[in-house]
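Got your viewer open? Load the model, switch on the cartoon, and follow along stop by stop.

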Amino acid sequence: MDTPSKEDTQLFCKNPVHPDRRPSLKTDYSSSEEKQPCCGELKVFLSALSFIYFAKALAEGYLKSTITQIERRFDIPSSLVGVIDGSFEIGNLLVITFVSYFGAKLHRPKVIGAGCLIMGVGTLLIAMPQFFMERYRYERYSPFSNSTVSISPCLQKSNNELSVSIMEKSKSKINNGCVQTVAIIGPIFGFLLGSLCAKLYVDIGFVNLDNISITPKDPQWVGAWWLGYLIAGIVSLLAAMPFWYLPKSLPRPQSTDDSNSSSEKSKFIVGDHTEYQAPHGEKAKITEMARDFLPSLKSLFGNPVYFLYLCASTVQFNSLLGMVTYKPKYIEQQYGQSSSKANFVIGLINIPAVALGIFSGGIIMKKFRIGVHGAAKLYLGSSVFGYLLFLSLFALGCENSDVAGLTVSYQGNKLASYHERDLFSDCNSRCKCSETKWEPICGENGITYASPCLAGCQTSIRSGKAIVFYNCTCVGNITYKSGNLSGTVGRCQKDNGCPNMFLYFLVISVITSYTLSLGGIPGYIVLLRCIKPQLKSFALGIHTLAVRVLAGIPAPVYFGVLIDTSCLKWRFKRCGNRGFCRLYDSNAFRHIYLGLTMTLGTMSIFLSMAVLLTLKKNYALKHRNFRTKREKTMMSASIRKEVCSTSDHLLNFNYWPGKETQL
């Protein structure tokens, strides 16, 4: 639930209205004493509001960090995870109208507290499936044993062989000052919390961890995704508590009264909080508000600058939200990093760069006193340079991992396309292997195999949690040796240049995040200064609504749908439907993820150009009208002066026509 910081921080301050009381020296003397309790409660309110923003941002950031964990745990594709991510905004939309209208009429602190309470309960509910579902079951390489054992992964075919795919499907399952600053800090802790929980096994506390044979580096690993939601939910519940003890309003000392305060601000400022009644003329009726709604909406959308900025920011938020949602997944699949490390670098590097960019944009606007035209130029310039830097990320990708039967043949040649039958070869023809099983092992030749069986491994030795497979015929086939080559559990690392590419990616990503966020405050200034003062609140509400409906909800969905098209190896559920993707085509993933982000960013740049051109056109038109009006004023003044001069001459008795000529 959203809690607007500007209006909320203003609700506590104004002089008490006492028409019967006369000013006295005692009142003036005690004004400094009255200021202390007001400021104290106001600080409590600001602190509590900042804590709520932190709790909300913490939950949002943590949700982004658990995308891949939720995919694996519930065996769902990226498109469905995008729907789950977008549902966070859907929940906000259900109550935003109610809060926007009734918030000013009710006890605001209690309304905020109730909203935070609902947010906390909802966050806790996200973690509930963990306590009602069966424990997570991954595909085991072999029965666990602490002793050294020898097994035979490659089973010989029998006369009564059943369809392997059918057997597999039947067995597998799976305040604006401090307030906004704290709102930026929240996602940092959200991603760092996601990094920590990703290192913990999903069923920690429910199973004996000594019996778990996989590690966080294993592609089947699922972290304790639910633990962070419990923490975020408890934080939200704690953040709601102070608001139940705050008064509806607070008095403000008479010495701090501002007679020039706006009418909108005076609505949130009340006097004696024990008993305040607004004048009858200030009570807006629902019918009057409904009558003014459509004209106000027409006035907003009839403003070309506001409408173009609304379109530009909505398209840009589509680009940014889609990119941020799947950035951890991109780092995992493109650079072979673990989920924990991906969340760690985003929370510790990228988000602070965004916060620094927003802060720098505000400093630049204030120090150089930039007007609306300069703000529009800065907003456009940050987008142009940011997306130009983003364009360089296309060259900073890693090639596909060499996976036999998926990206390379069993002879080591690159595959142009993938077919299920490519997983089988002469080297594993004697084995009874499943094409749906995913137990990747890394051969000594640097090639990853989908399973020990498909690698043709004959024996294995387990020592603790470490398993080494031997006599892998397919491993020896690629290196043209006589077999007896081994493989270890897990996928092979990417090529040697990939770690360096990842470092370059982080550097460019940080600079890009800073550059793009530099235009945040200037864009906000353009939005506020292009509309009438009485429509500012309404304009901000429409902007927030448009960004959530047209960007926050659909962007994660269609990003996920397009990303799913780059999948090479799906996991199939027991019912036969597709689950989550086990292996992506790195090149296709990179082109889809970066290309879609870049396309939307380019569209927003053109719309931002239209905003700047429209501002210049309006300025030129107003300047021309001003000059015309000034010329008309000067001309009328000159005419009046001549008329007055003639009248003076006519009233002068010493004057006769032709006097100047005769003289």
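Before selecting anything, one term: buried means under 20% relative accessible area, exposed means over 50%, and partly exposed is what falls in between (1.4 Å probe, protein chains only). This is a predicted model, where local features need pLDDT of at least 70 and side-chain atom pairs count only at pLDDT 80 or more, while totals for chains, interfaces and linings use all residues. Residues are numbered from 1 along each chain as its sequence is written, and side-chain values use heavy atoms, with hydrogens and water left out.

**Whole chain**

Start zoomed out. The protein has 23 helices and eight strands; these are DSSP runs numbered from the N terminus, with helices being H or I of at least four residues and strands being E of at least two. Of the 663 residues, 46% count as buried. Turn on the surface and you are looking at about 34,100 Å² of accessible area, 62% of which belongs to carbon and sulfur atoms (areas come from the Shrake-Rupley method with a 1.4 Å probe, and for residues only the protein chains shown count as cover).

**Ala198 and what surrounds it**

Select Ala198, which sits in helix α9 (residues 178-199). Is Ala198 buried or exposed? Its relative accessibility is 5%, so Ala198 counts as buried. Skipping neighbours within four places in sequence, Ala198 is in contact with Gln69, Trp221, Gly223, Ser339 and Ser340, where contact means heavy atoms within 4.5 Å. Now add Asn343: it is 145 residues from Ala198 along the chain, yet the two C-alpha atoms are separated by 8.8 Å.

Gln69 from that contact list leads to the next selection, being one of the buried residues of α4. Helix α4 covers residues 67-74, and seven of its eight residues are buried. Besides Gln69, they include Ile67, Ile70 and Arg73. Step just past the helix to Asp75, which takes a positive phi of about 55 degrees.

**The cores**

Time to colour the nonpolar residues. A nonpolar core here is a set of buried Ala, Val, Leu, Ile, Met, Phe, Trp, Tyr and Cys residues joined through side-chain atoms within 4.5 Å. The largest one has 84 residues, and those with the most contacts inside it are Tyr201, Tyr306, Tyr335, Phe505, Val526 and Tyr593. Which helix gives the most to this core? That is α22 (residues 586-651), with ten residues. Apart from this core lies another, of 27 residues, with Leu406, Val408, Tyr449 and Val475 among them.

Centre on Tyr306. Leaving out neighbours within four places in sequence, Tyr306 is in contact with Leu300, Leu527, Cys530, Ile531, Ala539, Ile542 and His543.

**A helix pair**

Show α19 (520-529) and α20 (536-552): they pack at an angle of about 130 degrees, with axes 9 Å apart. Axes are lines fitted to C-alpha atoms, for helices over the stretch in contact, and angles run from 0 to 180 degrees between N-to-C directions. That angle makes α19 oblique to α20; under 35 degrees counts as roughly parallel, over 145 as roughly antiparallel, 65 to 115 as roughly perpendicular, and the rest as oblique. Draw sticks for Tyr524, Leu527 and Leu528 of α19, which meet Lys536, Leu540 and His543 of α20.

**Loops and a strand**

Jump to Arg369, in the loop between α15 (339-367) and α16 (372-391). Its phi is near 50 degrees, a positive value in a residue other than glycine. Arg369 is exposed, with a relative accessible area of 77%.

Then pick Asn471, in the loop between β5 (466-470) and α17 (473-478). Asn471 also has a positive phi, about 55 degrees, although it is not a glycine. With 29% relative accessibility, Asn471 counts as partly exposed.

Last selection: Ser460 in strand β4 (residues 459-463). Ser460 counts as buried, at 3% relative accessibility. Add Gly487, 27 residues away along the chain, and the C-alpha atoms of the pair are separated by 9.2 Å.
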